[in-house]
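Please open the model in your viewer and keep the sequence panel beside it, because each stop on this tour asks you to select something and look at what surrounds it.

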Amino acid sequence: MTWLFLGIAVIFEIAFALGANATNGFTRLWPSVFTLAAAAGGIYTLSLALRHLDVGVGYTLWTGLGGVGTVVLGSLVYKEKLTLPRLLSFASIIGGAVLLKFTAA
């Protein structure tokens, strides 16, 4: 269940980031409600995952995978550019998060 909770938290994190862009500075009601709900859901499910994960590992995976997912979906939803340096940077984030998990005591 730990990994399921973390996966759900990552999805909420991505929804939060994409929703924040749609709020126009929290001046649009329904995107703002969606964004706040996604933030709350992400924090809650992360807290459930952290019952069995070290906070350093769980938080790093949550933010790293959430960031990568946001960039990928941001390129599709908001037509943001995906360049080779960006892709290499995100591969480094994922690699670092995986390495962190395997080296955790």
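Begin by selecting F16, which is found in helix α1, residues 2-22; helices here are DSSP runs of H or I with at least four residues, strands are runs of E with at least two, and both are numbered from the N terminus. This is a predicted model, in which local features need pLDDT of at least 70 and side-chain atom pairs count only at pLDDT 80 or more, while totals for chains, interfaces and linings use all residues. Residues are numbered from 1 along each chain as its sequence is written, and side-chain values use heavy atoms, with hydrogens and water left out.

Is F16 buried, partly exposed or exposed? F16 counts as partly exposed because its relative accessibility is 29%, where buried means under 20% relative accessible area, exposed means over 50%, and partly exposed lies in between (1.4 Å probe, protein chains only). Leaving aside neighbours within four places in sequence, F16 is in contact (heavy atoms within 4.5 Å) with T35, A38 and A39. Now add A37 to the selection: its C-alpha atom and that of F16 are separated by 8.0 Å, although the two residues are 21 apart along the chain.

Next, select L6, A9, V10, I14, L18, L46, A49, L53, V57, L61, W62 and A97, the 12 residues of the largest nonpolar core. Such a core is a set of buried Ala, Val, Leu, Ile, Met, Phe, Trp, Tyr and Cys residues joined through side-chain atoms within 4.5 Å. Helices α1, α2 (29-49) and α3 (55-77) each supply at least two residues of this core, and α1 gives the most, with 5 residues. In soluble globular proteins, nonpolar side chains tend to be buried together. Staying with A97, you can look for T60 and L61, with which A97 is in contact when neighbours within four places in sequence are left aside.

Then turn to the surface and select L65, I94, V98 and F102, which make a nonpolar patch of about 360 Å². Patches are made of residues with over 30% relative accessible area and no salt bridge, with like charges joined within 9 Å and nonpolar side chains (Val, Leu, Ile, Met, Phe, Trp, Tyr) within 5 Å; a salt bridge is a side-chain nitrogen of Lys or Arg within 4 Å of a carboxyl oxygen of Asp or Glu. Accessible areas come from the Shrake-Rupley method with a 1.4 Å probe, and for residues only the protein chains shown count as cover. Helix α4 (residues 84-103) gives the patch its largest share, 3 residues.

Finally, show the whole protein, which has 4 helices and 0 strands.
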